[in-house]
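Q: I would like a close look at a single part of this structure, followed by an account of its surroundings. Please keep the answer connected and plain.

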Number of protein chains: 2
Amino acid sequence: MSKAQMIEELMKALGREKVITEPEDLICYSFDATADMPSKLPDVVVVPGNTEEVVRIINIARQFKTPVYPRGSGTNLSGGTIPIQGGIVLSLQGMNRIVEIDADNLVALVQPGVVIQDLNNAVASFGLIYPPDPGTVATATMGGSVSECSGGLRGLKYGVTKHYVMGIEVVLADGTTARFGGKTVKNVTAYDMVKLFTGAEGTLGIITEITVKLIPAPEAKKAMLATFDNLSDAGDSVTEIVRSKVIPATMEIMDQVTIRTVENFAKVGLPTDVEAVLLIEVDGIPEVVQREADTVIKVIEKNNGKIKVAKDDQERDGLWAARRAALPALAQVKPTTVLEDATVPRSRLTDMLVALQQIAKKYNLQIGTFGHAGDGNLHPTILTDARDTEEMKRVHQAVDEIFKVALELGGTISGEHGIGMAKAKYLPLEFGEQGVEVMRKIKRALDPENLLNPGKMLS
Amino acid sequence: MSKAQMIEELMKALGREKVITEPEDLICYSFDATADMPSKLPDVVVVPGNTEEVVRIINIARQFKTPVYPRGSGTNLSGGTIPIQGGIVLSLQGMNRIVEIDADNLVALVQPGVVIQDLNNAVASFGLIYPPDPGTVATATMGGSVSECSGGLRGLKYGVTKHYVMGIEVVLADGTTARFGGKTVKNVTAYDMVKLFTGAEGTLGIITEITVKLIPAPEAKKAMLATFDNLSDAGDSVTEIVRSKVIPATMEIMDQVTIRTVENFAKVGLPTDVEAVLLIEVDGIPEVVQREADTVIKVIEKNNGKIKVAKDDQERDGLWAARRAALPALAQVKPTTVLEDATVPRSRLTDMLVALQQIAKKYNLQIGTFGHAGDGNLHPTILTDARDTEEMKRVHQAVDEIFKVALELGGTISGEHGIGMAKAKYLPLEFGEQGVEVMRKIKRALDPENLLNPGKMLS
């Protein structure tokens, strides 16, 4: 059976307008936001409009034994959506309806193609928020962020995507559809399939509807910028703030390489002579915000930091603009930006920061580190050039060492970016072969023909 | 190969003192806290002291093709720990060490036999709490509550067990050991196996170590008792309190049958002429507590309720003693207490309460309902006598109807008690055959010989 036949079947099943075959269009689906990854043209891209059409696509894929690569906006950072074996890219962007906002139960029901920011805009009028906020919140889809279990800046206080997914509808590799979870706060009915599919990176099924938890928006916020002449003082402050029983909504760090690059790029007024800055935001009702801010200031000053509190919304927005500029600023320094995702227990943050400085020196690489200090979730970012094969060799050695150190410190190889193609080879380091084998058994049980996102995670 | 041989092997592997064979001892392991369930004597009970011994037990069970029934304190309410096919009961009570309290990372590492309350006592000196609090907190073990994914009174604000399990060590059906998760706040490294094993009721592996998240203890608390002449007003108040952006730590309901029984049993001063009471507690820093209490009072009064705020700790303790008396009080009315666990989206609480009254009338049964109103998690409790076969028939019909209604209202068949033997037959009602089949595939993949807790959940 030929590709042409399969495409013909897809057109019959969905209508011609939902089947993309022009080579110049297919190129857009041959890569994603991940650097230093191969690209691959899919045979065809399909854009179903509902669950029934997803079922038809899966059944055609089974018939033609063709891989299916589910995709939202392709903003993931681990090569998760690259159609590395060709076949069908299944774009969920056509299923982008907010089905229901149920404010009384603090839940929303969305199709997978809804952009995260659009959901937040829609629930804002109810005084509610959907907390997970990856950097790509304005473009990433709900389906993609659930499949990748996105993190973001508010993980410390509010948790990550998996803490908000309450229910899913999923189309399985055998073409059947199932629903798990729902609107109840509590649910222990058999295995927690909602959590299994969340973060499964599209390897176990295609998520076609999502029920998420919402929470009341905090009434007040206060943002602060702390500067340190010594990297360890910044790391120690993070641990001590939490030890003081203050859980900030956000606690972000930028090292000197990042600060200087951001300032050079965006001219936001960051002090370029310091070793590190922390950006801290506390939120809640005004009384809480004031108390927590006072505690934060005391801890920072005790640890030799200087602190500046944003006077108003404009200053607050300025601070966050600086943080959001970190990645684009670093990305313009060199042609290739290898953004990593090493995560350690919060108390080992200083050790990891110091280790990253040593690794940069050892391999003679430019590494800017920023990230979610409160979560111990750092993004060491190697500024390089994929065409420089000698330097890339050192880059790969440095990455290997970064993960080795993260694991030695009791951390994980991925805090929020997932495994995809980028980190598959490190899995046994974290779980041992036995642990990986448990996951392989689950994959084989649910997708015995390896049709769903093959070449990723466990391959 | 005989049972005697197997017992001999177990004694060789563990030492005689860890192998229980006396019939009068085995009886204690033949049932659990669930009413209206068959009991069954195991062939042997083993009490391993460490993970290596658990591995040896599993390997012997494989060799003799004998079922293994993991067990903590046996307090579960769905027949989850009954050794219904005989074989080996694997008691985790011998592994009861708190391995580490890591206050800087807000985590604790425990063995499965640690009693929940003992963990809370140990972390209290750090100003921390482990929030999941099933009614059996003083006897239930961490391993049992993780395997059952226990809920409790604080689910609305603080979530349930699965929201606190960060890492596990597990011995699998093939005798291998694996570790998943750990101390990092964020972790998206491949499938979320921690969540899969949490709530798997011992059917996928034996959990031998657990890393849990802790949170700072709230500084202040305020408990309130609201009384209502009309059941719907109580239900509506629950919805409106959350709509007012107040998320109480606890929001419990008791209906008239329960109130009268509790008062008769414990003489705690509850008003016996009202249709329902709500017990509400808000917590946090004092300013928040005051504000939230004011909002709660306003909502209750608007919905025709009368409210009494506990003046001091003694009055507060009195209110909670009344709530905790609900189940023991109901249980002494009749010989058999069929405690159910129907859960609906919070906004459907009033509908469910009314339906329960109608079901009691229709089947001419005495049903007392109490539960976690804020979670939509009700415990309709049928007071009956297992020896009265005619009445038990009506009890079973009523239970069937309770779950049918809960599902029709968008709910689930188990909010917090799990499936075990008690609810296995209802699974297809919630998931359809496709959904159940997905779970069966996972069970078969990880436990192909059906050695772990057979006869439960998916059997």
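Is the crossing of α8(A) and α10(A) right-handed or left-handed?

A: The model is a predicted one, and every value below is computed from it. The crossing of α8(A) and α10(A) is right-handed. Two packed helices are described by the distance between their axes and by the angle between them. Here the pair consists of helix α8, residues 231-243 of chain A, and helix α10, residues 286-302 of chain A. Their axes come within 9 Å and cross at roughly 145°. On the α8(A) side, the residues that meet the partner helix are A:S237, A:E240 and A:I241. On the α10(A) side they are A:V296, A:V299, A:I300 and A:K302. Sorted by class, this contact has four nonpolar residues, two charged residues and one polar residue.

Helix α10 of chain A begins at residue 286, and strand β14 of chain A covers residues 276-284. A:D283 belongs to that strand. With a relative accessible area of 3%, A:D283 is buried, because that value is under the 20% cut-off. Its side chain makes two polar contacts that can be named here. One goes to the side chain of A:K157, at 2.6 Å. The other joins it to the side chain of A:Y158, at 2.9 Å. Both A:K157 and A:Y158 are also on the list of residues in contact with A:D283 once neighbours within four places in sequence are left aside. That list further holds A:P218, A:A220, A:K221, A:A249, A:V288, A:V289 and A:E292. Of these, A:V288, A:V289 and A:E292 fall within the residue range of α10(A). A:A220 is 63 residues from A:D283 in sequence, yet the two C-alpha atoms are 5.6 Å apart in space.

On the other side of β14 in sequence, the loop between α9 (256-266) and β14 of chain A holds A:K267. The phi of A:K267 is near 45°, a positive value in a residue that is not glycine. A:K267 is exposed, since its relative accessible area of 60% is over the 50% cut-off.

The chain as a whole gives the setting for these details. Chain A has 15 helices and 19 strands. Its radius of gyration is 22 Å, close to the 23 Å that the globule rule gives for 459 residues, so chain A is as compact as a globular protein of that length. Along the principal axes, its C-alpha atoms fill a box of roughly 70 × 60 × 40 Å. Of its 459 residues, 63% count as buried. Among contacts in chain A between residues at least 6 apart in sequence, 71% join residues at least 24 apart. The pair A:D283 and A:A220, 63 residues apart in sequence, is separated by a span of that kind.

Two residues of chain B can be set beside these. B:T258 lies in helix α9 of chain B, residues 256-266, and counts as buried at 0% relative accessibility. Its side chain is joined to the side chain of B:D255 by a polar contact of 2.8 Å. Not counting residues up to four places away in sequence, B:T258 touches B:A326, B:L330, B:G368, B:T369 and B:F370. B:N453 is found in the segment after α15 (427-446) of chain B. Although B:N453 is not a glycine, it has a positive phi of about 50°. At 3% relative accessibility, B:N453 counts as buried, whereas A:K267 is exposed.

Conventions: Residues numbered from 1 in each chain as written. Chains lettered and ligands numbered in written order. Predicted model: local features only at pLDDT ≥ 70, side-chain atom pairs only at ≥ 80, totals over all residues. Heavy atoms only, no water. Helix = DSSP H or I, 4+ residues; strand = E, 2+ residues; numbered from the N terminus. Buried < 20%, exposed > 50% of the residue type's maximum accessible area, 1.4 Å probe, protein only. Contact = heavy atoms within 4.5 Å. Polar contact = N/O pair within 3.5 Å; in protein donor to acceptor, adjacent residues only side chain to side chain. Axes fitted to C-alpha atoms, helices over the stretch in contact; angles between N-to-C directions. Left-handed = near helix turned anticlockwise from the far one by under 90°. Nonpolar A, V, L, I, M, F, W, Y, C, P; charged D, E, K, R; others polar. Rg over C-alpha atoms; globule rule 2.2 N^0.38 Å.
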